[in-house]
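Please open the model in your viewer and follow the selections below in order. Each stop names what to select and then describes what is found there.

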Amino acid sequence: MTQKVAVLGTGKIGEALLSGMIGAGWSPADLLVTARRPERADELRARHGVVPVTNAEAAKTADTLILTVKPQDMGTLLDELAPHVPADRLVISGAAGIPTAFFEERLARGTPVVRVMTNTPALVDEAMSVISAGTHATAEHLAHTEEIFGAVGKTLRVPESQQDACTALSGSGPAYFFYLVEAMTDAGILLGLPRDKAHDLIVQSAIGAAKMLRDSGEHPVKLRENVTSPAGTTINAIRELENHGVRAALIAALEAARDRSRELASGTKD
């Protein structure tokens, strides 16, 4: 039986998901989209051949609803959807910090809910999507969610209690790497390199290092030690990183991101 999937509040990540699903073999005719602006919906239809609908139509028609609106807008969306969502619909939330219980309390009793934290590398089919089951979600629901998000990268199942930590690590993670590349580019300029050359050097180094981490099977300490010769340039740089507390700063930063995710779950919007 054909499964219809609706992406509600289709922004950049939602569109990347649509593109990945179509590339993986989903028929555009089975993919429904909603957008706040009619011109955005028309753009999605022209670009991907998907079917624009209203939120209520999506709830009535689709077998799976993927909610990609901002966390602060999720309550309003659920108020709109609740009268139209039968209990046999799979609801997938992509909103940071919001637990599955938030959805289960507002939808029909027994509605299966799956929580997913993905990240912006979905735009290049290299996402890390972390998946957790709600009270009524089955192994089949999780497998279906993995099939959808596997179209744009890698998936990992975790208990929902670990979602805030995963949000801090991988949901926000790309921003940390962009920040590091920005800082290293500035350092390259300080050392006398043109910006474009510094950028190319750092980006390619980052790509190569990431592939080594993924494919070599080696612990990152071992890979670092392979670059760090006695009394060489690398160990001098690492000493300065340690002197400036970079490791401690990273740990504190990720704790802050985790704490903010928890605040979002409790309704803090500041």
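In which sense do strand β1 and strand β4 pair, and over how many bridges? Select residues 5-8 (β1) and residues 64-67 (β4): the two strands pair in the parallel sense over four bridges. Here strands are DSSP runs of E of at least two residues, helices are runs of H or I of at least four, and both are numbered from the N terminus; two strands pair if DSSP finds at least two bridges between them. Within this pair, Ala-6 has Leu-65 in β4 as its bridge partner.

The model is predicted, so local features need pLDDT of at least 70 and side-chain atom pairs count only at pLDDT 80 or more, while totals for chains, interfaces and linings use all residues. Residues are numbered from 1 along each chain as its sequence is written, and side-chain values use heavy atoms, with hydrogens and water left out.

**The sheet**

Extend the selection to the open sheet of eight strands, whose order is β3-β2-β1-β4-β5-β6-β7-β8 with mixed pairing. At the edges stand β3 (51-52) and β8 (153-157), each with a single partner strand, so one side of each has no neighbour in the sheet.

Next, add helix α1 (residues 12-23), which packs on the sheet and touches β1, β2 (31-34) and β4; contact means heavy atoms within 4.5 Å. The direction of α1 makes about 170 degrees with that of β2. Angles run from 0 to 180 degrees between N-to-C directions, and axes are lines fitted to C-alpha atoms, for helices over the stretch in contact. Then add helix α4 (residues 74-81), which also packs on the sheet, touching β1, β4 and β5 (90-93), with its direction at about 155 degrees to that of β4.

**The helices of residues 160-264**

Now select residues 160-264, where the chain is 82% helix and 0% strand.

Within this span, show helix α7 (residues 163-171) and α8, whose axes come within 5 Å and cross at roughly 35 degrees. Ala-168, Leu-169, Ser-170 and Gly-171 in α7 meet Gly-173, Pro-174 and Tyr-176 in α8.

Finally, show α8 (residues 173-190) with helix α9 (residues 195-215): the axes come within 9 Å and cross at roughly 135 degrees. The two helices are therefore oblique to each other, a class that takes the angles left after under 35 degrees (roughly parallel), over 145 (roughly antiparallel) and 65 to 115 (roughly perpendicular). Among the residues that meet are Val-181 and Met-184 in α8 and Ala-198 and Ile-202 in α9.
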